[in-house]
Amino acid sequence: MAELVFFRRGEEVLRLALGADRVVLGRGERCDVVIPDPEVSRQQVALWLEDGRCEFRDVSGKGTVVAGARLTEGTVADGVDLALGQWRAVYRAHGRGGDDVMVTEIGVTTEMTSKPEAGETSRIAAQLRMRWGSTEEVHKLKGDTVSIGKDRGNDIVLGARFVSGRHLKLNRVNNRFMVIDQQSTNGTWLGSARVYEAEVPFFSALKVGEAELVLEPQTNTGKGATSYYGIIGSDPSVKQLAELIDRVAPSNAAIAVFGESGTGKELVARALHARSSRTEQAFVPVNCAAISKELIESELFGHEKGAFTGAMVARKGAFEEADGGTLFLDEIGELPLELQAKLLRALESGEIKRVGASKPITVDVRLVTATNRDLLQASKAGKFREDLYYRLCVVPVTLVPLRRRKGDLLPLAEHFLKTFAPRGQTVRLSEGAVKALTAHAWPGNIRELRNVIHRALLLRKGPHLEESDLSFDGRGGAPKDDDPTPIIELTEGLTLEQHLEMAEKRLIMSALKRYDNNRERVVKELGVARSTLFKRLKDWGLKDAEG
């Protein structure tokens, strides 16, 4: 199915299915997709499908920037983007479809693309967590439609201030929710955008009056695993992480989250925000690696009108948008050195200066950063400022990779099975699939597991998920212990040390297979200490590691 994929500051924020019907993008409330940006006209551009092509027509009278050129009408090719202020809309002729729509900061008034089917058994049990002031309530969501408001006739009565009598409805759509504002006085908000009708996933946070409403899976996720603001697992490291978040979230201290790619660093940042006193204010994520060096300063600090070519109007940066709330800088290790000094100054003084401005602006921001790099080592190599490192790492949080959380692997896999299984179907893992999953090294961590399960569900041939349905890193099947050569491929985001650990495991597993699990023979052939071999096996969670 063709779709538009919207990005803001390098982060994907919305997927919208395209059809023959005309879709209008703009800043006005009556547009199909509302983009709250001063550079976007109230009605900017219309798009529709015609004979398999994506046609567009500018309706602003000023032209719309398509593939870098300002045009009034034409055809959008697959992969081409439309520039819409701080947002980009990329056309994809073969998208993932309506079930993958995700909204975080853009208002949407589109029609629901799918209806819940009778007898759905694969849906995840859901709950709604409501917070306002010192009050917190959790309501289990049992029906397909839930009304929320101040009147007692609603399914859920919300007693916070500035809530209308019948404020909004939630319609269940498999593991997503259609949020429908009931013409409330003060509106239903998702991030900085007012929502009229939008399909949202789990962990979306809605602002209703003075209350925040968070859609969550019910706490018990099966087989002893629990969920803490979307962080799933029963491993001791997960429990320690939750306790640490609870302790440090109320403070204003800068938090640095370290971990390999795919370990859930943004989930930790969102949990820190949700547990802080800033939860009713904005959470603004910025991916430092996804923004060009020429634009990153403007994205962080904003710019004045005329500050550079193309700066037609003044614009707030991420610091100003996060004022009073939390700013999350992902991939902080990619920030250019010249900007690191400005970031340090902003943290020390609480003041920022827009590009082209003569006076600073005072902001109150709680900063959370994340990286998969060793920043201390980078600072010693002169690639990261040492003073900034210590300013960011007031409280360092290190996430444990999935390969060291073996007990959480299957609960996570089953969670993703429930999330991505077709409506009305219950798909289970076969014994062979379980063995293949547990044997894999998971260099991409939880993100890789999510993709492996999602891909297998799309490609499976039978009612169960079999080993043959699984593919890892583009290769069919799980890695075999008896591979004669322990080949390791370059994986983006992993350090040399992590690649070497993967190669070491493949080599040791291959040697154990060749010598029928005779560990003394493996020690002799590989020339390693007996204690080293047993420690490696224990670290990898293999049974009888002590020999």
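## The second largest cavity

Let's start with a small hole in this predicted model. The lining of the second largest cavity is a mix of four nonpolar, three polar and two charged residues. (Ala, Val, Leu, Ile, Met, Phe, Trp, Tyr, Cys and Pro count as nonpolar, Asp, Glu, Lys and Arg as charged, and the others, Gly among them, as polar.) A cavity here is a set of points on a 1 Å grid over the protein atoms alone where a 1.4 Å probe fits but cannot get out, and a lining residue has an atom within 4 Å of a point.

Who are these lining residues? They are Leu141, Gly143, Asp144, Thr145, Val146, Leu170, Asn171, Arg172 and Phe177. Two elements, β15 (145–149) and β17 (168–173), give two or more residues each to this lining. The top contributor is β17, with three residues. The space inside comes to about 30 Å³, where a volume is the space filled by probe spheres set on the grid points, which are joined across faces, edges and corners.

## Reading the model

Residues are numbered from 1 along each chain as its sequence is written, and side-chain values use heavy atoms, with hydrogens and water left out. Since this is a prediction, local features need pLDDT of at least 70 and side-chain atom pairs count only at pLDDT 80 or more, while totals for chains, interfaces and linings use all residues.

## Leu141 and its surroundings

One residue of that lining, Leu141, sits in strand β14 (residues 135–141). (Strands are DSSP runs of E, at least two residues long, and helices are runs of H or I, at least four, numbered from the N terminus.) Is Leu141 buried or exposed? Leu141 counts as buried because its relative accessibility is 9%; the cut-offs are under 20% relative accessible area for buried, over 50% for exposed and partly exposed in between, with a 1.4 Å probe and protein chains only.

Skip the neighbours within four places in sequence, and Leu141 still touches Ala126, Gln127, Leu128, Val146, Ile156, Phe177 and Leu215 (contact means heavy atoms within 4.5 Å). Arg172 is 31 residues away from Leu141 in sequence, but their C-alpha atoms are 9.2 Å apart in space.

For a contrast, look at Gly153, in the loop between β15 and β16 (156–157). Gly153 counts as exposed because its relative accessibility is 53%. Gly153 and Gly165 are 12 residues apart in sequence, and their C-alpha atoms are 9.0 Å apart.

## The largest cavity

How many cavities of 30 Å³ or more does a search of the whole structure find? It finds two, and the largest has a volume of about 50 Å³. Its lining is made up of Arg403, Ala441, Gln498, Glu501, Met502, Lys505 and Trp540. Sorted by type, that gives three nonpolar, one polar and three charged residues.

## Aromatic pairs

A pair of aromatic rings is described by the distance of the centres and the angle of the planes. To pair, rings of Phe, Tyr and Trp (its six-membered ring) need centres within 6.5 Å; planes under 30 degrees apart count as stacked, over 60 as edge-to-face and the rest as tilted.

The whole structure has five such pairs. In one of them, Phe301 and Phe319 are stacked, with 5.5 Å centre to centre and 15° between the planes. Phe301 belongs to helix α3 (residues 296–301) and Phe319 to helix α4 (residues 318–321), so the pair ties together parts that are 18 residues apart in sequence. Phe301 is buried, at 3% relative accessibility, and Phe319 is buried at 3% too. Next come Tyr389 and Tyr390, an edge-to-face pair with 5.0 Å centre to centre and 75° between the planes. Tyr389 is buried, at 14% relative accessible area.

## Two helices

Seven of the 10 residues of helix α2 (residues 265–274) are buried, so α2 is largely enclosed by the rest of the structure. Those residues are Lys265, Val268, Ala269, Ala271, Leu272, His273 and Ala274.

In helix α13 (residues 530–539), the buried residues are Leu533, Phe534 and Leu537. Looking down the axis of α13, they fall within an arc of 95°, so they line one face of the helix (the arc is that of the directions from the helix axis to the C-beta atoms). The face turned away from this buried side carries the exposed Ser531 and Lys538. Just past α13, Gly541 has a positive phi of about 75°.

## The whole protein

Overall, there are 13 helices and 34 strands. Of the 547 residues, 52% are buried. Among contacts between residues at least 6 apart in sequence, 59% join residues at least 24 apart.

Key. On a 1 Å grid over the protein atoms alone, a cavity is a set of points where a 1.4 Å probe fits but cannot get out, and a pocket is an open set with protein on both sides within 12 Å along at least five of seven lines; lining residues have an atom within 4 Å of a point.
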